[in-house]
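Visitor: Please show me the model, and then let me ask how its labels are justified.

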Amino acid sequence: MKKFIIIAFVVLAGIVLYQDFLYKKKRNTPIPPRPYVVMLSLDGFRWDYDTKTHTPNLDYITNNGVKADGLQPSFPTKTFPNHYTIATGLYPGNHGLISNSFFAPDLDEYYSIRDRSKVENGKFYKGEPIWVTAEAQRVKAASYFWVGSEAKIKGYAPTYFKYYDHNFPYDQRIDTVVNWLKLPYNDRPHLITWYIDHADGVGHLHGPDSPEIVQSVGMLDSLIGVFLSKLNQLSIKDSVNFIIVSDHGMANIQNDKMVYLNKYLNNNFIDTAIGVNPFTLVYAKNKFIDSVYNSLKNAEGITTWKKEDIPERLHLKHNKRLSNIVVVADSGWSTAFNKGGFIYNGGTHGYDNQNRDMYGIFYGIGPSFKKGYKTGTLYNIDIYNLLAKMLKIDPATNDGKPDRIMQVLAEE
Ligand code: AMP
Ligand code: ZN
Ligand code: ZN
């Protein structure tokens with residue numbers, strides 16, 4: 001017994017001494033300063049666009065930073081759901097922007113990206129975007145047009161933000177971002193998110209394989225060059241990380257693969273149908289769900305689901321805002337309500353997120369990143385955790401899996 005007490009005492013003393021050692025070690029390790037993180041979204045920039053033309057600036061980032069083989073978007077592969085997924089680390093089914101436009105029964109209101117009063121209204125946006133996480137932990141953020149940044153969410157907006165102006169010149173966006181990084185330390189944002197739409201518009205109009213896309217990619221690459229050279233002149237250049245992502249890719253569409261939904265939809269059976277090629281929310285009247293479904297289900301070129309049958313892997317069906325019937329065109333096919341209803345001629349997105357054409361990009365360069373590191377597919381729900389880690393802030397609960405993305409970071 002006596003022997004046992006002595007052993008227990010020695011073990012206990014050992015633990016106390018070891019903890020004291022760890023505490024002193026921690027106290028003496030200087031806390032590394034918080035780096036800056038600037039994240040640019042190039043709307044609709046497909047994963048392989050850098051192979052379409054000479055892209056010296058993207059190549060520079062690839063050789064001196066990190067490049068992923070592709071960034072898998074979340075479903076539906078539309079602009080608003082995916083920008084807000086990147087910002088929150090939540091699937092669209094969990095953050096509430098289930099499409100670009102939808103009906104929200106929880107608020108008894110419609111949301112549309114074309115309606116400023118909705119886009120700027122925080123009540124539509126669930127979850128916690130990274131700038132809110134930052135601001136709530138006293139880390140300043142700025143945003144030049146990131147989806148959701150114009151609304152107050154959980155009581156916070158970025159310290160600096162701009163109201164969306166589609167035609168605002170890209171070079172002036174660059175200058176503002178650079179000027180934010182030149183602010184005095186106490187005013188300077190540690191997180192900046194910004195946005196350039198160009199490749200999306202051109203991809204819709206002319207298609208991902210058009211000469212116009214080649215030009216757009218070249219132009220965007222030189223804008224990145226301008227930005228990099230301006231960053232390089234900053235006194236804080238060695239502590240700035242620069243990330244480039246896109247919300248989704250782009251697929252070619254053809255005139256002979258079109259489905260006119262009004263052929264199958266009886267107006268007396270539905271409350272409304274909202275959609276942009278190729279993703280449509282059909283809000284059928286409750287007693288007609290089966291009839292509407294049966295009339296759509298065998299149409300060539302589309303996949304129709306009753307809400308409860310949407311595959312679990314799309315993480316969408318549990319949201320209240322989702323219509324009771326959902327239609328998505330099959331790869332390469334297009335939908336419109338009627339002839340003349342097509343807004344796009346060249347390309348579109350919104351398809352299944354496993355469709356490789358829907359994959360976007362992820363590049364990163366700066367002190368937090370590995371140098372000359374290529375990685376396989378990354379997932380856009382994982383970016384929120386990465387940003388939180390880089391900014392040294394505590395992330396909110398989210399759908400991301402840190403293990404799938406942290407390999408891009410250099411060891412501290
Ligand atoms: P889509 O290609 O239909 O998914 O939507 C892309 C469009 O979203 C772009 O052409 C932009 O005009 C628009 N957009 C992007 N960000 C915003 C914003 N913050 N507010 C309003 N519209 C936006
Ligand atoms: Zn987009
Ligand atoms: Zn688009």
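Guide: In sequence, the donor residues of the zinc ion (ligand 3) follow the spacing D-x3-H-x144-H. D200 lies in helix 8 (residues 198-206) and H349 in the loop between strand 16 (347-348) and strand 17 (362-365), so this pair ties together parts that are 149 residues apart in sequence. Helices (H or I, at least four residues) and strands (E, at least two) are DSSP runs numbered from the N terminus. The model is predicted: local features need pLDDT of at least 70, side-chain atom pairs count only at pLDDT 80 or more, and totals for chains, interfaces and linings use all residues. Residues are numbered from 1 along each chain as its sequence is written, chains are lettered from A and ligands numbered from 1 in the order in which they are written, and side-chain values use heavy atoms, with hydrogens and water left out.

Visitor: What makes D200, H204 and H349 donors of the zinc ion (ligand 3)?

Guide: Donors are N, O and S atoms within 2.8 Å of the metal (3.2 Å for Na, K and Ca); water is not among the atoms, so sites may look incomplete. D200 (OD), D200 (OD), H204 (NE2) and H349 (NE2) lie 2.0 to 2.6 Å from the zinc ion (ligand 3), so they qualify.

Visitor: Why is the site of the zinc ion (ligand 2) called tetrahedral?

Guide: Four donors count as tetrahedral if all angles lie between 85 and 135 degrees; four count as square planar and six as octahedral if opposite donors are over 155 degrees apart and all others between 65 and 115; anything else is irregular. The angles among the 4 donor atoms here are 96 to 134 degrees, so the site is tetrahedral. Its protein donors are D43 (OD), T79 (OG1), D247 (OD) and H248 (NE2).

Visitor: How do you know whether D43 and D247 are buried or exposed?

Guide: Buried means under 20% relative accessible area, exposed over 50%, partly exposed in between (1.4 Å probe, protein chains only). D43 has 1% and D247 has 0%, so both are buried. D200, at 12%, also counts as buried.

Visitor: Why does K78 have no salt bridge?

Guide: A salt bridge is a side-chain nitrogen of Lys or Arg within 4 Å of a carboxyl oxygen of Asp or Glu. Lys and Arg count as positive and Asp and Glu as negative; His and the chain ends are not counted. The nearest side chain of opposite charge to the buried K78 is D200, 7.8 Å away, so the cut-off is not met.
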